[in-house]
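Please open the model in your viewer and keep the selection panel at hand. The tour begins at the ligand and then turns to a pair of helices.

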Amino acid sequence: MSRRTANTAVSVHPLLAERWSPRSFDATHTITEEELMSLLEAARWAPSAHNSQPWRFLVGQRGDTTYRRILATLVPGNRLWAGNSSLLVAAIAAERPENGTRHAGAAYDTGLAVAQLSLQARALGLHTHQMGGFAPERLRTSLGVPDGYRPVSITAAGALAAPELLPQELRDRETAARERRPSAETFFAERWGNPLPLAP
Ligand SMILES: Cc1cc2nc3c(=O)[nH]c(=O)nc-3n(C[C@H](O)[C@H](O)[C@H](O)COP(=O)(O)O)c2cc1C
């Protein structure tokens, strides 16, 4: 069990319970080619409506141009820590691809692909942290994302480092208790708002 394992009401798979979003990444860690392929393959095999696979990814490894360009799109609060990650992956939803049909659920499917990448990262002993705090138009311009494709998130991935290595303002958040809304306010039956009796 890691220091931030979810305090779940009932047992869930360790890959899920031990996934959390760190900010302290090891700036000396590099991802192997095999690990990288494994993360991307996990994303590629996600389910999607009509198997439309409306996801695309821009993949940067620390030190390369793609990484620098993705990093530069992050809001300052994210840029503060994300530059120590080994990998920055921008997830793009194909909402209106050139020759395809309009896909209203593209972002939903793209999120599933990122979820699979995140869990595969855990299986490899790595961590991920998704971010919505970035400038999509800057990403579009600096990396040539065409119209009809919407940048939806950036995921930092890498190896965990000690919370003490973070700037003071981020340190407390790194070790704070992880919380979730109660099940009774999340799972309903019979009528909206009526708690599912069996829910944990
Ligand atoms: C779509 C999405 C966008 C997010 N954006 C940010 C972000 O910009 N900056 C950040 O520090 N965390 C971001 N997060 C991380 C969430 O804050 C985090 O997942 C949530 O607090 C739950 O914590 P946990 O992942 O450790 O369980 C984002 C997560 C998701 C899924």
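**The ligand and its surroundings**

In this predicted model, select R178 together with the ligand: a polar side-chain atom of R178 lies 2.6 Å from an oxygen atom of the ligand. Add R180 next, where a polar side-chain atom is placed 2.8 Å from a ligand oxygen atom. Then display the backbone of G133, which has an N or O atom 2.9 Å from an oxygen atom of the ligand. With these contacts in view, show the ligand surface: on its own the ligand has 620 Å² of accessible area, and the protein covers 60% of it.

Which elements give two or more residues to the shell around the ligand? They are α4 (76-82) and β3 (127-131). Colour β3 in particular, since with three residues this strand gives the most to the shell.

Now select the whole shell, in which 13 residues surround the ligand. The closest are S21, R23, H129, G132 and R178. Colouring by class separates three nonpolar, six polar and four charged residues in the shell.

**A helix pair**

Leave the ligand and select helix α3 (residues 65-73) with helix α6 (residues 136-143). These helices pack at an angle of about 155 degrees, and their axes are 8 Å apart. Because angles over 145 degrees count as roughly antiparallel, α3 is roughly antiparallel to α6. Finally, view the pair with one helix in front of the other: the crossing of α3 and α6 is right-handed.

Terms used: Residues numbered from 1 in each chain as written. Predicted model: local features only at pLDDT ≥ 70, side-chain atom pairs only at ≥ 80, totals over all residues. Heavy atoms only, no water. Near = heavy atom within 4 Å. Polar contact = N/O pair within 3.5 Å; in protein donor to acceptor, adjacent residues only side chain to side chain. Areas by Shrake-Rupley, 256 points an atom, 1.4 Å probe, with all protein chains shown as cover. Helix = DSSP H or I, 4+ residues; strand = E, 2+ residues; numbered from the N terminus. Nonpolar A, V, L, I, M, F, W, Y, C, P; charged D, E, K, R; others polar. Axes fitted to C-alpha atoms, helices over the stretch in contact; angles between N-to-C directions. Parallel < 35°, antiparallel > 145°, perpendicular 65-115°, else oblique. Left-handed = near helix turned anticlockwise from the far one by under 90°.
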